[in-house]
Amino acid sequence: MSLRFELDPAIGPELRDGLLALWADVSNAGGAVGFVPPVTAEEIRPELVKHFAAMAEGRTRLLVGYDEEGAVAATAFLTYNTHRLMRHWIWAYTVMVHPKHQGKGYGRDLMAAVEEAARGFDGIELIRLTCRGGTGVDRFYASCGYKDGGRVPGAIRVEPGDDRDDITMYLPLY
């Protein structure tokens, strides 16, 4: 089975709750998506609302992967740059695959869907993302064609005494 991807789905209570559950489950499984465990959906809700506000303003687009049961299984938020000198690339934020689906190739499917979506955006030539060092996810992105664009050592403080690199990666679309 593979995921079914949808770009810019209609936001309703079921999708909102699915996104919150996914984000909490990924975070609580140790995923580097802006929180550290333990975290609840209610603690994540304000961040999701910020993403929804950016979507309403046309600055961000949502890509959702649904599993065979129709549940939210993967996401990526694709954010345009507003700076006039950087409008030719987008950010990929909050890239997640549910822990129960990891190891099935869905991460690669998600990154391929991100690339396909970005290729359909007018004037976009590059995708950028950041990831937390020490997780190995930078190797995953590299295997998907992303290049290391640099890192800031110790820029992410997971907890006192546990500082991680903030790694920027990019994928040229030309």
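**View 1. F121 and its ring partner Y80.** F121 is buried, with a relative accessible area of 5%, in what is a predicted model. Its partner Y80 has a relative accessibility of 25% and therefore counts as partly exposed. The count of aromatic pairs comes to six, and among them is the pair formed by Y80 and F121, which is tilted, with 5.5 Å from centre to centre and 45° between the planes. Because Y80 belongs to strand β3 (residues 72-80) whereas F121 sits in the loop between α3 (106-119) and β5 (126-132), the pair ties together parts that are 41 residues apart in sequence.

**View 2. The rings of W89, W91 and Y93.** The ring centres of W89 and W91 are 5.0 Å apart and their planes stand at 75°, so this pair is edge-to-face. Both partners are buried: W89 has a relative accessible area of 6%, and W91 has a relative accessibility of 15%. Ring pairs join W89 and W91 with Y93 into a cluster. A charged residue also belongs in this view, since R128 lies over the face of W89 at 4.2 Å from the ring centre.

**View 3. The seven-stranded sheet and helix α3.** The sheet is open and mixed in its pairing, and its seven strands follow the order β1-β2-β3-β4-β5-β7-β6. At the edges stand β1 (4-7) and β6 (147-159), and because each has a single partner strand, one side of each is left without a neighbour in the sheet. On average, and with direction ignored, neighbouring strands of this sheet are turned by 25° against each other. Within the sheet, β5 pairs with strand β7 (residues 162-172) in the antiparallel sense over seven bridges, and L126 stands opposite P172 in β7. Helix α3 packs on the sheet, where it touches β1, β2 (60-66), β3, β4 (89-97), β5 and β7, and the direction of α3 makes about 155° with that of β4.

**View 4. Salt bridges of E57 with R59 and of E115 with R119.** Side chains of opposite charge can pair when their charged atoms come close. The count of salt bridges in the model comes to twelve. In one of them E57 is joined to R59, with the closest N and O atoms 2.6 Å apart; E57 counts as exposed at 54% relative accessibility, whereas R59, with a relative accessible area of 33%, is partly exposed. A further salt bridge brings together the side chains of R119 and E115, at 2.8 Å from N to O. R119 and E115 are four residues apart in helix α3, so about one helical turn separates them. Both are partly exposed, R119 at 46% relative accessibility and E115 with a relative accessible area of 22%.

**View 5. Salt bridges of D162 with R164 and around R151.** The side chains of D162 and R164 form a salt bridge, with a distance of 2.7 Å from N to O. R164 has a relative accessible area of 21% and is partly exposed. In addition to this pair, a network of salt bridges links four residues, namely D138, D148, R151 and D165.

Definitions and conventions. Residues are numbered from 1 along each chain as its sequence is written. This is a predicted model: local features need pLDDT of at least 70, side-chain atom pairs count only at pLDDT 80 or more; totals for chains, interfaces and linings use all residues. Side-chain values use heavy atoms; hydrogens and water are left out. Rings of Phe, Tyr and Trp (its six-membered ring) pair if their centres lie within 6.5 Å; planes under 30 degrees apart count as stacked, over 60 as edge-to-face and the rest as tilted. Helices (H or I, at least four residues) and strands (E, at least two) are DSSP runs, numbered from the N terminus. Buried means under 20% relative accessible area, exposed over 50%, partly exposed in between (1.4 Å probe, protein chains only). A charge sits over a ring if NZ of Lys or CZ of Arg is within 6 Å of the ring centre and within 35 degrees of the ring normal. Two strands pair if DSSP finds at least two bridges between them. Axes are lines fitted to C-alpha atoms, for helices over the stretch in contact, and angles run from 0 to 180 degrees between N-to-C directions. Contact means heavy atoms within 4.5 Å.
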